[in-house]
Amino acid sequence: MKTYLHQLWLALICVLLFAGLLMPIGQFSNDEGATALLTNFRINFIEGDSAGAMWALAVIQIAALAVALFELLLSGFRNFTLQKRLLIFDALLLVGYYMVFVVYVLLLNDSATFRPCIAGVFPLISLILIWITFMAVQRAEAAIIAGASSFRLR
């Protein structure tokens, strides 16, 4: 079985999306010194309270992780058309993730300052890697087509 470079990018996308699920993605702080950590699943206040209404971010990121993992498993079968469609779907999921993320930040930003954490950038890095993977899949498909059409019987 031949391995491709885009399989490495897909594995890195899966690792980034999984790590982003486990880490906080932002922090809110107000003038009184109260802080709250925003995760993909909930918002945790420094006083020990938490609100679990933030699950939409986790659902979108888990769906993107599942699509990327399926794409990684599918990448060994050379079904390039389905791979490209799944990459586009994964990219749309991550764009939707950031739309929901911005809505949450705007709704929760009640005279508090928001500071993003490093895990908030992981879906953006994954989105860039999806674009690189898409181009690599196109390149691999073109190389296979070029190799097949160069064979002639004499």
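**Reading a predicted model by its definitions**

From the N terminus on, this predicted model runs through its elements as α-β-β-β-β-α-α-β-α.

Q: What makes the chain more spread out than a compact globule?
A: The globule rule gives 15 Å for 154 residues, whereas the radius of gyration of the chain is 20 Å; because this value is well over the rule, the chain is more spread out than a compact globule. The C-alpha trace spans about 85 × 20 × 20 Å along its principal axes.

Q: How many helices and how many strands are there in the chain?
A: The chain holds 4 helices and 5 strands.

Q: In what order do the strands of the open sheet stand?
A: The order is β4-β3-β2-β1-β5, and the pairing is antiparallel.

Q: Why is one side of β4 and of β5 left without a neighbour in the sheet?
A: Strands β4 (50-51) and β5 (113-116) stand at the edges, and each has a single partner strand; therefore one side of each lacks a neighbour in the sheet.

Q: How do you know that β3 and β4 count as paired?
A: A pair requires at least two bridges. Strand β3 (residues 43-45) and β4 share 2 bridges in the antiparallel sense, so the requirement is met. In β4, A51 is the bridge partner of I43.

Q: How do you know that the span of helix α1 is close to the expected one?
A: Helix α1 (residues 5-22) has 18 residues, for which 26 Å is expected at 1.5 Å a residue. From its first C-alpha to its last, α1 reaches 27 Å, which is close to that value.

Q: Which residues of α1 are buried?
A: The buried residues in α1 are H6, Q7, L10, I13, C14, L16, L17, G20 and L21. In general, an α-helix has 3.6 residues a turn, so residues three or four places apart point the same way.

Q: Why is Q83 called buried?
A: Buried means under 20% relative accessible area. The value for Q83 is 0%, so Q83 is buried. This residue is found in helix α3 (residues 80-108).

Q: Which residues does Q83 touch, not counting those up to four places away in sequence?
A: With that exclusion, Q83 touches H6, E71, L74, S75, R78 and V137. One of these partners, H6, is itself among the buried residues of α1.

Q: What percentage of the residues of the chain count as buried?
A: Of the 154 residues, 40% count as buried.

Methods. Residues numbered from 1 in each chain as written. Predicted model: local features only at pLDDT ≥ 70, side-chain atom pairs only at ≥ 80, totals over all residues. Heavy atoms only, no water. Expected span 1.5 Å × (residues − 1). Buried < 20%, exposed > 50% of the residue type's maximum accessible area, 1.4 Å probe, protein only. Rg over C-alpha atoms; globule rule 2.2 N^0.38 Å. Contact = heavy atoms within 4.5 Å.
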